[in-house]
Amino acid sequence: VHHSLNTLFDVYSFDIASILGRSHKDKIRKTPIWRLGNEDFLIHLCSHIYWHTCSIRDIVDGNDAKLLSYSDIRHFVKSHLLDWNNLFAYARDGNLGIPLKYVLYHCELIYGDVIPKDIFNGFDKLELVKMSNEIHDRWLTRDANIVIGHWQKGFMERLFDANRHMMALQSMYSEYIEPILRRGAY
């Protein structure tokens, strides 16, 4: 359970009125609840995993690319009906297309059976690989668009590398911190 959908310094945000308008009445056992629509829930899962995966703070803490998170996405896709056209339309409306495609792309690399093939074949793979190799941190830079480093290994290779936090820190130092120190900025 998350206490917020939008956070500071993100380049995207959920339109809360739209999400609530698409929510559904449901029950957990006999208790009535409201839950996000399937497409909105999947977008939320993907945006959440997106920031854990490319944020230097989460990488260093070991809270980044967790296989369990990707398994959750796969399980949700396999066990819920999705309108794929609405999924991408809702994501576009909230500027959430990048987090959605980023995570679905990684799920497809891991499992190979998450996204319908016609949709996956329409993804810009070169752009997704480029994004997948970038490291950001919205808390350090206060701007989620700033790249603070790059991975030297592809996603699948680093997913199971216990030392990926050291690779990320080294990249951040050489690509982001060292240039700032050399120009005398503070």
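**Entry 1: Phe41 and its contacts**

For this notebook I take contact to mean heavy atoms within 4.5 Å. I keep in mind throughout that the structure is a predicted model. With that cut-off I looked up phenylalanine 41, and I found that it touches Leu36 and Phe76 when residues up to four places away in sequence are not counted. I placed phenylalanine 41 in helix α2, which covers residues 38–54. Its relative accessible area came out at 31%, and because buried means under 20% and exposed over 50%, I entered phenylalanine 41 as partly exposed. I then took the C-alpha to C-alpha distance from phenylalanine 41 to phenylalanine 76, which is 9.2 Å for a pair 35 residues apart in sequence.

**Entry 2: helix α5 and its two ends**

Which residues of helix α5 are buried? For this helix, residues 84–93, I listed Trp84, Leu87, Phe88, Ala89, Tyr90 and Ala91 as buried. I next asked what covers these buried residues, and the elements I noted include α2, α4 (67–79), α6 and α7 (117–121); α2 is also the helix in which I had placed phenylalanine 41.

At the start of α5 I checked aspartate 83, where a side-chain oxygen reaches to within 3.1 Å of the backbone nitrogen of asparagine 85. After the helix I came to asparagine 95, which follows α5 and has a positive phi. I recorded that phi as near 60 degrees, in a residue other than glycine, and I reminded myself that most residues other than glycine have a negative phi. Asparagine 95 sits in the loop between α5 and α6, and at 47% relative accessibility I counted asparagine 95 as partly exposed.

**Entry 3: a positive phi at Arg29**

I also looked up arginine 29, whose phi is positive, near 55 degrees, again in a residue other than glycine. I located arginine 29 in the loop between β1 (24–28) and β2 (31–35). Is arginine 29 buried or exposed? Its relative accessibility is 81%, so I entered arginine 29 as exposed, the cut-off for that class being over 50%.

**Entry 4: helix α8 and the loop after it**

In helix α8, residues 125–132, I found Leu128, Met131 and Ser132 to be buried. Looking down the axis of α8, I saw that its buried residues fall within an arc of 100 degrees, and therefore I described them as lining one face of the helix. I noted that these buried residues pack against α6 (97–111), β3 (134–135) and α10 (155–159).

Asparagine 133 lies in the loop between α8 and β3, and I followed its contacts beyond four places in sequence, which are with Gly149, His150, Trp151, Lys153, Gly154 and Arg158. With arginine 158 I recorded a polar contact at 3.3 Å, made between the side chain of asparagine 133 and the side chain of arginine 158. For asparagine 133 and glycine 154 I took the C-alpha to C-alpha distance, which is 6.9 Å across 21 residues of sequence.

**Entry 5: the cavity**

How many cavities of 30 Å³ or more does the structure hold? I counted 1, and for the largest cavity I wrote down a volume of about 40 Å³. Its lining consists of Thr53, Asp64, Ala65, Trp151, Phe155, Arg158, Leu159 and Arg164. I sorted these lining residues into 4 nonpolar, 1 polar and 3 charged, and I found that α10 gives the most to the lining, with 3 residues. Two of the names had come up before, since Trp151 and Arg158 are among the residues that asparagine 133 touches.

**Entry 6: the N-terminal stretch**

I turned last to serine 13, which I placed in the segment before α1 and counted as partly exposed at 38% relative accessibility. Its C-alpha atom is separated by 7.3 Å from that of leucine 96, although the two residues are 83 residues apart along the chain.

Isoleucine 16 I placed in helix α1, residues 16–21, and at 38% relative accessibility isoleucine 16 also went down as partly exposed. How far apart in space are isoleucine 16 and isoleucine 180, C-alpha to C-alpha? I noted 38 Å for this pair, with their positions 164 residues apart in sequence.

Notes:
Residues numbered from 1 in each chain as written. Predicted model: local features only at pLDDT ≥ 70, side-chain atom pairs only at ≥ 80, totals over all residues. Heavy atoms only, no water. Buried < 20%, exposed > 50% of the residue type's maximum accessible area, 1.4 Å probe, protein only. Helix = DSSP H or I, 4+ residues; strand = E, 2+ residues; numbered from the N terminus. Arc of directions from axis to C-beta. Polar contact = N/O pair within 3.5 Å; in protein donor to acceptor, adjacent residues only side chain to side chain. 1 Å grid on protein atoms, 1.4 Å probe; cavity = no way out; pocket = protein on both sides within 12 Å on 5 of 7 lines; lining within 4 Å. Points joined across faces, edges and corners; volume = space filled by probe spheres on them. Nonpolar A, V, L, I, M, F, W, Y, C, P; charged D, E, K, R; others polar.
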